[in-house]
Structure formats: C-alpha cells, structure tokens
Amino acid sequence: MQEERIIKCKGCSKESYDTVPIARVISKLDELFSTNDLDAVGRLLEYWEREARALGDVRGLLEILNEEIGYYRRTSDMDKALRSVNEAFELMAEHGLDSSESAGTLYLNGATTMKSFGQAKQAMEYYARAKAIYDNCLSANDYKMAAYYNNISSAYVDIGDRESAKEACQCAIDILERRGDCRGEIAVTLVNLAHIYYDDDPCDERIDANMERAWELLTHKQNTHDGNFAFLCSKCYPSFAFFGYFEYEKYIKELMEKIYAGN
C-alpha cells in the first residue's frame with residue numbers, strides 16, 4: 001500500500017509525468033530503511049527502475065541505480081550489485097554525466113561495492129575518479145569527503161596498503177570532528193581503525209582505546225536515535241563482541257533493534 005501511494009500521488013502533484021519523482025522516491029526509501037524493511041526497499045527500487053527505463057529518464061535511472069548499488073551491497077547480492085555498477089558507469093560516460101558531484105558519489109558508491117565483492121584493485125581507478133571530482137566540487141570538510149576516506153580505507157586494507165588505510169581513517173575522523181554532531185560516523189571509523197591495528201598487532205593498546213571511545217560516542221545522550229543511527233550501530237556492535245566487549249555489544253544491538261521497532 002505504501003508503494004502504491006507513491007505512484008498514485010503523481011495525479012495530484014506538479015511533478016512531470018516523464019521523469020522519476022526522485023525526491024519522493026528517496027523520501028520513501030529513507031522511511032523503509034528506518035524500519036530496516038529491506039524487502040520493501042528492493043520492491044520499490046525494482047519498480048522505479050522499470051519506470052525510469054520506460055520513460056527514457058537517464059538521470060532518474062542513474063539515481064535509482066545509485067540506490068540499488070548500495071542496496072544490493074547491503075543485501076550481499078553480488079550479481080545485481082555489479083550489474084548496477086557497470087550500467088551506471090557506462091551511462092555516465094555515454095551521456096557526458098561523469099564530472100558532476102553526483103557522478104563523484106556514483107563512482108564512490110560503485111567502487112565501494114566493487115571492493116566489497118573482492119574487486120578492490122579494480123575499484124581503485126573509480127575511487128581516484130571520485131576523489132578528483134570531489135576535490136573540484138567540494139570543500140575539504142564536506143561530509144562526502146569523510147565518506148570517501150572511510151570507504152577507501154577498507155580498499156587499502158584489501159590491497160595490502162595498511163599505512164594508507166590508517167591515514168585515510170584519520171582523515172575521515174578529522175573531517176567528522178570538525179563538522180561536529182557526527183558521533184556515530186566517528187564511532188564506525190574508530191572501529192574500522194581498531195581492526196587495522198589488531199591485524200598488525202593484537203596487543204596494540206590503541207585497539208581498546210578506540211573501542212572505548214566508540215562506545216562513548218554511540219551512547220552519547222545527545223545522539224538522535226533515527227534509522228541512520230541504527231544502521232551505524234549495526235556496523236559497530238559485532239566488533240564489540242569480536243574484541244570481547246560483550247556487554248557493549250548487547251547494549252548496542254538492543255538499541256539498534258529498539259530504534260527499528262520504534263520506527
């Protein structure tokens with residue numbers, strides 16, 4: 001019923017009939033993600049992908065493909081994820097849409113998905129394209145720059161460049177700290193950095209320091225407990241268990257579940 005309402009709203013809005021109503025689609029996706037209803041997310045994306053193709057709406061299709069790239073990465077559907085990546089990259093090149101800020105985001109998202117499915121070396125070319133575009137379009141403290149550093153850090157780990165991975169994590173933390181009110185995002189980066197330290201030396205004292213700080217950030221009283229925060233918790237709580245912080249893991253996992261249930 002919820003997806004049907006999106007479609008029916010066309011008749012009473014001023015939106016064009018020949019393009020995908022991206023703002024409303026994204027709003028609906030955010031609503032579904034806030035409850036972790038991934039099946040409904042998949043159905044919604046498939047519907048609007050078909051609509052974009054039927055309308056010949058290239059920009060709308062790129063927006064949907066970008067969402068699908070992240071969605072299929074999250075649901076571990078390698079074939080659909082890489083199909084979406086390849087088509088998005090081809091469409092941008094074919095239509096001369098490969099130099100805007102949104103293109104940078106697509107390159108970053110696509111590269112991260114390639115990396116997550118074992119293609120870290122191939123992904124480095126697209127991380128570089130994303131960085132070049134971001135350097136041209138964004139300020140050094142833009143949130144998307146932090147996302148770039150966070151994502152490429154794990155790719156560096158996969159290709160064996162651990163020092164660059166640590167430097168990228170620190171760059172992300174520096175940007176997020178300067179922006180303020182990014183406690184959950186900083187916690188995720190600290191957890192990622194703790195794993196890098198662990199792989200170098202399981203007795204590295206910085207592991208515990210990072211995990212304790214991540215805990216403090218995730219349990220800060222001023223955090224907004226929305227769907228995005230729940231997702232950040234989902235990326236952290238398994239690591240608390242990995243490093244032996246079982247009470248922390250239990251608390252953060254229950255907090256995540258409570259947020260999703262409340263939404």
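**Charges.** I began with the charged side chains and found that the mean positions of the 31 positive and 46 negative charges of the protein chain lie 4 Å apart. I note that these positions come from a predicted model.

**Confidence.** I then looked up how far the predictor trusts its own coordinates, and the protein chain has a mean pLDDT of 93, with 94% of its residues at 70 or more. Residues 1-13 have a pLDDT below 50, although this stretch makes 18 contacts in the model beyond near neighbours in sequence. Where pLDDT is low, the predicted coordinates should not be read in detail. I therefore leave the individual contacts of that stretch aside, following the same caution.

**Secondary structure.** Going through the elements of the protein chain, I counted 13 helices and zero strands, so the order from the N terminus is simply α-α-α-α-α-α-α-α-α-α-α-α-α.

**Overall dimensions.** I compared the radius of gyration with the globule rule: for 263 residues a compact globule would have a value near 18 Å, and the 19 Å of the protein chain agrees with this. Along the principal axes, the C-alpha atoms fill a box of roughly 60 × 40 × 35 Å.

**Packing and surface.** Of the 263 residues in the protein chain, 47% are buried, taking buried as under 20% relative accessible area. When I took the contacts between residues at least 6 apart in sequence, 61% of them turned out to join residues at least 24 apart. For the outside, I noted an accessible surface of about 13300 Å² for the protein chain, with 48% of that area belonging to carbon and sulfur atoms.

Key:
Residues are numbered from 1 along each chain as its sequence is written. This is a predicted model: local features need pLDDT of at least 70, side-chain atom pairs count only at pLDDT 80 or more; totals for chains, interfaces and linings use all residues. Side-chain values use heavy atoms; hydrogens and water are left out. Helices (H or I, at least four residues) and strands (E, at least two) are DSSP runs, numbered from the N terminus. The radius of gyration is taken over C-alpha atoms; the globule rule is 2.2 Å times the number of residues to the power 0.38. Buried means under 20% relative accessible area, exposed over 50%, partly exposed in between (1.4 Å probe, protein chains only). Contact means heavy atoms within 4.5 Å. Accessible areas come from the Shrake-Rupley method with a 1.4 Å probe; for residues, only the protein chains shown count as cover. Lys and Arg count as positive and Asp and Glu as negative; His and the chain ends are not counted. The place of a charge is taken as NZ of Lys, CZ of Arg, CG of Asp or CD of Glu. pLDDT is the predictor's confidence in each residue, from 0 to 100.
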